[in-house]
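Work through the exercises below with the sequence and the model side by side. Each task is followed by a worked solution.

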Amino acid sequence: MRNSITKAMAGPRPLVFSGPSGAGKSTLLKKLMGEYDSVFGFSVSHTTRKPRPGEQNGIDYHYVSREEMQAGIDNGEFIESAEFSGNLYGTSKAAVQAVQAKNLICILDIDMQGVKNIKKTDLNPLYISIQPPSLEVLEERLRGRKTESEESVQKRLRAAKVDMEFSKEPNVFDVVIINNNLEEAYGSLKQALQEEIHKVKKTKASS
Ligand SMILES: Nc1ncnc2c1ncn2[C@@H]1O[C@H](COP(=O)(O)OP(=O)(O)OP(=O)(O)O)[C@@H](O)[C@H]1O
Ligand SMILES: Nc1nc2c(ncn2[C@@H]2O[C@H](COP(=O)(O)O)[C@@H](O)[C@H]2O)c(=O)[nH]1
């Protein structure tokens with residue numbers, strides 16, 4: 001049986017963003033949500049990783065202990081969850097419902113295990129993969145961000161190799177964007193989302 005989040009199905013079609021850690025998902029999403037704050041809403045995930053400097057609880061993530069997160073998973077509170085680079089991450093039903101209740105396009109930023117699990121649900125999002133131009137560039141970006149320990153960089157690069165191959169599989173992603181030049185990648189993203197943005201703006205204008 002499909003994992004149903006029923007009440008969350010009322011709003012516009014959600015978007016799933018995936019791709020290797022460091023490819024630039026958050027950078028592109030911040031630009032998109034900055035320009036279209038009345039169109040998109042972010043699904044705030046739960047994670048057991050510690051906040052980075054500048055990250056805020058309830059805005060970037062809900063930062064929880066492994067025990068708390070596991071209890072929520074066991075209780076059926078999550079649409080999907082995954083272990084990534086030594087920590088648990090997951091999308092709660094409440095996070096998606098909170099965005100859809102505002103009639104906004106709900107954005108999920110999740111890893112490839114999350115993509116596979118969301119495909120087993122009735123969420124029916126548009127799947128967008130953000131990829132780096134190469135593994136070398138990805139490593140430069142991850143190191144340049146200065147957020148990861150050496151061990152974490154290595155784990156993320158190992159996961160990235162698998163993710164980069166996954167993005168080439170047919171019928172997984174609706175759109176694959178190579179984030180080389182940021183402005184060009186952002187232009188491609190906006191173009192891919194033009195129809196969805198237009199639909200939400202039209203609905204809001206007529207209500
Ligand atoms: N097109 C680009 N050119 C150069 N640097 C970029 C580009 N896009 C993003 N960056 C930089 O690369 C680093 C990683 O970007 P970002 O944090 O957005 O990646 P991410 O995919 O969201 O990673 P994670 O999955 O770990 O959250 C950041 O320091 C960001 O400023
Ligand atoms: N399956 C899920 N993956 C998630 C979720 N929230 C974030 N992520 C992914 O985790 C990695 C690492 O994120 P970071 O913030 O520690 O750099 C990245 O690929 C995210 O897309 C989630 O709820 N479920």
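**Exercise 1. Which residues is C106 in contact with, leaving aside its neighbours within four places in sequence?**

Solution. Two residues are in contact if their C-beta atoms, placed from the backbone, lie within 7 Å. With the neighbours within four places in sequence left aside, C106 contacts G11, P14, G41, S43, V96, V99 and Q100.

Before going on, note the conventions. This is a predicted model, in which local features need pLDDT of at least 70 and side-chain atom pairs count only at pLDDT 80 or more, while totals for chains, interfaces and linings use all residues. Residues are numbered from 1 along each chain as its sequence is written, and chains are lettered from A and ligands numbered from 1 in the order in which they are written.

**Exercise 2. Place C106 in the largest nonpolar core.**

Solution. Step one is the criterion: a nonpolar core is a set of buried Ala, Val, Leu, Ile, Met, Phe, Trp, Tyr and Cys residues joined through C-beta atoms within 7 Å. A residue is buried if 20 or more other C-beta atoms lie within 10 Å of its own, exposed if 12 or fewer, and partly exposed in between. Step two is the result: the largest such core holds 35 residues, and C106 is among those with the most contacts inside it, along with V16, F17, I105, I107 and I128.

**Exercise 3. Give the strand order of the five-stranded sheet and find its edges.**

Solution. Strands (E, at least two residues) and helices (H or I, at least four) are DSSP runs numbered from the N terminus, and two strands pair if DSSP finds at least two bridges between them. The open sheet reads β2-β7-β1-β8-β9, with parallel pairing. β2 (40-42) and β9 (175-178) each have a single partner strand, so one side of each is left without a neighbour in the sheet. From one strand to the next, the twist averages 25°. Angles run from 0 to 180 degrees between N-to-C directions, with axes as lines fitted to C-alpha atoms, for helices over the stretch in contact. α7 packs on this sheet against β7, β8 (126-131) and β9, and its direction makes about 145° with that of β9.

**Exercise 4. Trace the pairing of β1 and state whether its residues are buried or exposed.**

Solution. β1 (residues 15-18) pairs with β7 (residues 105-109) in the parallel sense over three bridges. Within β7, L15 has I107 as its bridge partner, and F17 has D109. β1 also runs parallel to β8, joined by four bridges; there the partner of F17 is I128. L15 and F17 on one face, and V16 and S18 on the other, are all buried.

**Exercise 5. Describe the four-stranded sheet and the helices on it.**

Solution. The order is β4-β3-β6-β5, an open sheet with mixed pairing. β4 (62-63) and β5 are the edge strands, each pairing on one side only. β5 and β6 run antiparallel, joined by six bridges, and E83 has L88 as its bridge partner in β6. Helix α2 (residues 66-74) packs on the sheet, touching β3 (46-47), β5 and β6, with its direction at about 40° to that of β6.

**Exercise 6. Which residues come nearest to ligand 1?**

Solution. A residue is near a molecule if its C-beta atom, placed from the backbone, lies within 6 Å of it. Of the 14 residues around ligand 1, the nearest are S21, G24, S26, T27 and R141. α1 (25-35), α5 (135-145) and α7 (182-206) each supply at least two residues of this shell.
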